[in-house]
Structures are given as C-alpha cells and as structure tokens.
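This report introduces a protein model to someone who has not seen it before. Please keep the sequence and the structure in view while reading.

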Amino acid sequence: MAKPTKRRVSGGGRTTPKGGATAGRSARPEMPREAGGRYTPPIPRSQKVSPPWVPVLMFGLLLIGTLIILINYTDTLWGTSNWWLLAGLGMILGGIITATQYH
C-alpha cells in the first residue's frame, strides 16, 4: 500500500503577533477595584474563624455514629438492624459535612 502524499499548507505564517502572549500589555495588569470588576478581595481573617461549637459537633457526630455502628454489630443493647446502621452512617456523614465547614 502506497503512502499518502503530504498536503502542503500555502500562505503559512504566524498566527499570533510576534513578541509572545503579553505583547502590548504590561507584565502585571492592574486589578479593577470597582464592585463589578473581576477582582474579588480576600475574605478578612475575622470572618473565617468558625465558632467553637463546630469542631465539637463534628467530633461528636463522628464518635456517636461510630459507637452506634459498633453497638449494632456487637448486639450489646438492641438487636441488629439496618436502621441503626443507617443512622450511624448518617451521623458519620454529618460529621464529615461539618468538617468541611470548619475554618
């Protein structure tokens, strides 16, 4: 089987202007300061601090969910049931979701 012939593109040249991507622009553009611009100022540190009950709730949900699952499997306090398992997994999931909100 013969090789196909290579097609030559005529009128080639540069697609972009010479001088790189920042030709005609400064190396560091000024950030717009108005509210409608693209610049978003950083959130102040005082707003990032979580209240002290967030880690308590997080660890509490994780611990109680784990204990419910362990008690369910050991058949210590009540009979084994899928509802207890789902409740324990739901509490663990609630603890994980609370962990994502902690700053």
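## A first look

D75 is partly exposed, because its relative accessible area is 46%, and this residue lies in the loop between α2 and α3 (82-100). The model in which D75 is seen is a predicted one, and the description below moves from the whole chain to single residues.

## Overall make-up

The protein has 3 helices and 0 strands, and, when read along the sequence, these elements follow the pattern α-α-α. Of the 103 residues in the protein, 12% are buried. The protein exposes about 9,500 Å², of which carbon and sulfur atoms supply 63%.

Contacts can also be sorted by how far apart the partners are in the sequence. Among those between residues at least 6 apart in sequence, 51% join residues that are at least 24 apart.

## Helix α2 and its buried residues

Helix α2 covers residues 53-74. With its 22 residues, α2 reaches 31 Å from its first C-alpha to its last, which is close to the 32 Å expected at 1.5 Å a residue.

The buried residues in α2 are V54, P55, M58, L61, G65, I68, I69 and N72, and the buried residues of this helix pack against α3. Helix α2 also contributes to the surface, where L63, L67 and L70 form a nonpolar patch with about 290 Å² of accessible area together; of these residues, L70 is found in helix α2.

## Where α2 meets α3

Which residues does L61 contact, once its neighbours within four places in sequence are left aside? L61, which is found in helix α2, is in contact with M91, I92, G94, G95 and T98. The C-alpha atoms of L61 and L89 are separated by 9.9 Å, although these two residues are 28 residues apart along the chain.

L89 is found in helix α3, and L89 counts as partly exposed because its relative accessibility is 44%. Its C-alpha atom is separated by 7.6 Å from that of I69, a residue 20 residues apart from L89 along the chain. I69 itself is one of the buried residues in α2.

T98 is likewise found in helix α3, and T98 is buried, because its relative accessible area of 13% is under the 20% that sets the limit for a buried residue. Leaving aside its neighbours within four places in sequence, T98 is in contact with V54, L57, M58 and L61; among these partners, V54, M58 and L61 are listed as buried in α2. A polar atom of the side chain of T98 also lies 2.7 Å from the backbone oxygen of G94, and G94 is one of the residues in contact with L61.

## The end of α2 and the loop that follows

Is N72 buried or exposed? N72 is found in helix α2, and this residue is buried because its relative accessible area is 3%, a value under the 20% cut-off. Leaving aside its neighbours within four places in sequence, N72 is in contact with W78, G79, T80, S81, W84 and L85. Since α3 is given as residues 82-100, W84 and L85 can be located on that helix by their numbers.

What is notable about the backbone of D75? D75 has a positive phi of about 55° although it is not a glycine, and D75 takes this positive phi just after α2. The residue belongs to the loop between α2 and α3, where D75 is partly exposed, with a relative accessible area of 46%.

Conventions
Residues numbered from 1 in each chain as written. Predicted model: local features only at pLDDT ≥ 70, side-chain atom pairs only at ≥ 80, totals over all residues. Heavy atoms only, no water. Patch = residues over 30% accessible without salt bridge, like charges linked within 9 Å, V, L, I, M, F, W, Y side chains within 5 Å. Areas by Shrake-Rupley, 256 points an atom, 1.4 Å probe, with all protein chains shown as cover. Salt bridge = Lys/Arg side-chain N within 4 Å of Asp/Glu carboxyl O. Helix = DSSP H or I, 4+ residues; strand = E, 2+ residues; numbered from the N terminus. Buried < 20%, exposed > 50% of the residue type's maximum accessible area, 1.4 Å probe, protein only. Contact = heavy atoms within 4.5 Å. Polar contact = N/O pair within 3.5 Å; in protein donor to acceptor, adjacent residues only side chain to side chain. Expected span 1.5 Å × (residues − 1).
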